[in-house]
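The following exercises are to be worked with the sequence and the coordinates at hand. Each task is followed by a solution in steps.

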Amino acid sequence: MRDVFIIGVGQTPVGEHWDLGLRELGAVAIGQALADAGVEGVDALYVGNMLSGCVNGQENLATLLADAAGLLPAEAFKVEAACASGGAAVRAAALAVAAGVHDVVLAVGIEKMTDGVASTVAAGLATAADQDYEASHGFSFVALSALMMRRYLYEHGCSREEFAPFAVNAHKNGVGNDHAMFREPISAGDFNRSPVVASPIAVLDAAPVCDGAAAVVVCCRDRIGPLHEPVRIAAAAAATDTIALGSREDILTLGSAKRSAERCFAASGLAPGQMDLFEAHDAFTIITALSLEACGFAGRGEALRLAREGCISADGCIPLSTAGGLKARGHPVGASGTYQIVEASLQLRGRAGANQLAKARRALTQSIGGHGSIAVTHILEA
Amino acid sequence: MQLPRFHRLRSAYYRLEGQLCSVCGAVQFPPRTSCAACRAGGLERHRLSGRGSVFSYSEAAQAPEGFAPPYLMALVKLEEGPVIAAQLTDVEPEEIEIGMAVEMVTRRIREMSPQGYLVYGYKFRPRIELEAEG
């Protein structure tokens, strides 16, 4: 297998883009990534997206974007893995290069959620769950996470208020990211007073519905040029768990996240303590906590201690969501996994602006779909 | 919910019918094509008792198309072992606690489907203990 490097990144601001559709958002992110990489074309385009069929009425999305971005007649298709689609698209691009099939490939994660009303988007997001035995009974994306959070509070004897540092940290980091949807800090008091969506989850536990597209260009070693600032994909892995939450051996262990992270650490010979930052899938504060535990930063039931002790801030032992995360940058679902990789690459290149960490040599990114039924994990190295 | 899907699921939805593995004896719900525990294929239909306890719960203030909030959702741990997702009924949110004994009832599980028929299926309510007649 060949080593794979990220040589270009692009991203649109995340938000409610009433004047931009799928084709415009995609073309902007793709154009930026191509310009950053200094290439005019690619061998293939892989698109990470979850909802274009049920919210936008647009399938054959990769062809649409290849056409819109002037990449015809490149190989192009969509990769769907629920909210992990953006990570999966990068994984697909890297596999093609590692295998020697292609030399230069572009992955774009994209989601255009504001074309649908709230109940349509909620029904679309619920398709990540088991349609026969969860979604058809009214279990939404947020409700399934709420069941995990309720059980976490019960088993570990803690309160929802103890999850506040995750949201406060994300919003603090969002202030310094000019692509973030939310650029205002919040306080623990704001978090505690937030209205309930699905108890015990409230608005400020949850990432927002929004639009955005992010793209990366990956290539093999001999296509790296003198002007590039290459970021190596040191390891990548995807893993799955039961689609129905109740069927899991332990609903408080994200099995897919744990196994994919373990494979990344084993393949790279690295350990959690050697990561300088972690772009976690903080769609809900409970998922942030479970991700920290799954990836080995904390033991089972101990993630809140990291939050309480300030380990997750920019000067802590494992800086989390350094560009605002899903919570504050925003969670255009099928794009979020690609945003994580774009943001981690910028940190490793020393180009993260106001949010630049003092030391950023290795980053862990993890994109999770279907409340932990699928996870795609990457370790990136400067 | 699409009519063919509802037709396919009727024994699970109406009778809480799962499966019993003839090789390892595991009981599973929802039904699968093989045993989740031992991967054997010899599965028998097995109607679950419908008795269980609340493993986790949530009250939804927002809902997907076809559902009218607020409503109550739970993971229910059945006596036979499987944990299933189902709505709770005949109970107030403040009365619910983890470990509470519940039992299956058949109720309408969503508003009218887009094709104009009602979808019935299992929900769970606090268990009503009937005293044996002497």
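**Exercise 1. Surroundings of one core residue**

Leaving aside neighbours within four places in sequence, which residues is Val218(A) in contact with?

*Solution.* The model is a predicted one. Step 1: apart from neighbours within four places in sequence, Val218(A) is in contact with Val4(A), Phe5(A), Ile6(A), Ala93(A), Ala94(A), Val97(A), Val105(A) and Ala107(A).

Step 2: place this residue in its wider setting. The largest nonpolar core has 179 residues, and Val218(A) is one of those that touch the most other members, together with Leu45(A), Ala93(A), Ala107(A) and Val108(A). Domain 1 and domain 2 of chain A each give at least three residues to this core.

**Exercise 2. Burial of Val4(A)**

Determine whether Val4(A) is buried or exposed, and identify what it touches.

*Solution.* Step 1: locate the residue; Val4(A) belongs to strand β1 of chain A. Step 2: apply the cut-off, under which a residue is buried if 20 or more other C-beta atoms lie within 10 Å of its own. Val4(A) has 24 other C-beta atoms within 10 Å and is therefore buried.

Step 3: list the contacts. Not counting residues up to four places away in sequence, Val4(A) touches Ala94(A), Val97(A), Ala98(A), Val218(A), Cys220(A) and Ile233(A). With Ala94(A), the separation is 90 residues in sequence, and the C-alpha to C-alpha distance is 6.2 Å.

**Exercise 3. The sheet of chain A**

State the strand order of the 9-stranded open sheet and name its edge strands.

*Solution.* Step 1: the order in chain A is β3-β2-β4-β7-β1-β8-β11-β10-β9, and the pairing is mixed. Step 2: β3 (75-79) and β9 (277-279) of chain A each pair on one side only, and these are the edge strands. Step 3: from one strand to the next, the twist averages 25°.

Step 4: examine the pairing senses. β2(A) and β3(A) are parallel and share 5 bridges, with Ala44(A) opposite Glu75(A) of β3(A). In contrast, β10 (residues 362-369) and β11 (residues 374-381) of chain A pair in the antiparallel sense over 8 bridges, and Thr365(A) stands opposite His378(A) in β11(A).

Step 5: consider the covering of β2(A). Of its 5 residues, 5 are buried. On one side these are Ala44(A), Tyr46(A) and Gly48(A), and on the other Leu45(A) and Val47(A), which leaves both faces covered.

Step 6: add the helix. Helix α3 (residues 85-98) of chain A lies across several strands of chain A, among them β1 (4-11), β4 (104-112) and β7 (211-220), and runs at about 170° to β4(A).

**Exercise 4. Two domains and their contact**

How many residues of domain 1 of chain A are in contact with domain 2 of chain A, and which element gives the most?

*Solution.* Step 1: fix the bounds. Domain 1 comprises 4-117 + 210-223, and domain 2 comprises 137-203 + 233-381. Their centres, taken over C-alpha atoms, are separated by 23 Å.

Step 2: count the contacts; 36 residues of domain 1 of chain A meet 30 residues of domain 2 of chain A. Step 3: β1, α3, β4 and β7 of chain A each supply at least two residues of the domain 1 side, and α3(A) gives the most, with 8 residues. Step 4: by class, this side has 24 nonpolar, 9 polar and 3 charged residues.

**Exercise 5. Contact between the chains**

Which element of chain A supplies the largest share of the side that touches chain B?

*Solution.* Step 1: the contact involves 26 residues of chain A and 27 residues of chain B. Step 2: α4 (118-126), α5 (141-156) and β5 (196-198) of chain A each supply at least two residues of the chain A side. The largest share, 6 residues, comes from α5(A). Step 3: the chain A side divides into 14 nonpolar, 8 polar and 4 charged residues.

**Exercise 6. Backbone features in loops**

Where does Pro73(A) lie, and where does Leu16(B) lie?

*Solution.* Step 1: Pro73(A) is in the loop between α2 (61-68) and β3 of chain A. The peptide bond from Leu72(A) to Pro73(A) is cis, with omega near 5°.

Step 2: Leu16(B) is in the loop between α2 (10-15) and β1 (17-21) of chain B. Although it is not a glycine, Leu16(B) has a positive phi of about 50°. Leu16(B) counts as buried because it has 21 C-beta neighbours inside 10 Å.

Methods. Residues numbered from 1 in each chain as written. Chains lettered and ligands numbered in written order. Predicted model: local features only at pLDDT ≥ 70, side-chain atom pairs only at ≥ 80, totals over all residues. Pairing = 2+ DSSP bridges. Helix = DSSP H or I, 4+ residues; strand = E, 2+ residues; numbered from the N terminus. Axes fitted to C-alpha atoms, helices over the stretch in contact; angles between N-to-C directions. Contact = placed C-beta atoms within 7 Å. Domains from an automatic or database assignment. Nonpolar A, V, L, I, M, F, W, Y, C, P; charged D, E, K, R; others polar. Core = buried A, V, L, I, M, F, W, Y, C linked by C-beta atoms within 7 Å. Buried ≥ 20, exposed ≤ 12 C-beta atoms within 10 Å, placed from the backbone.
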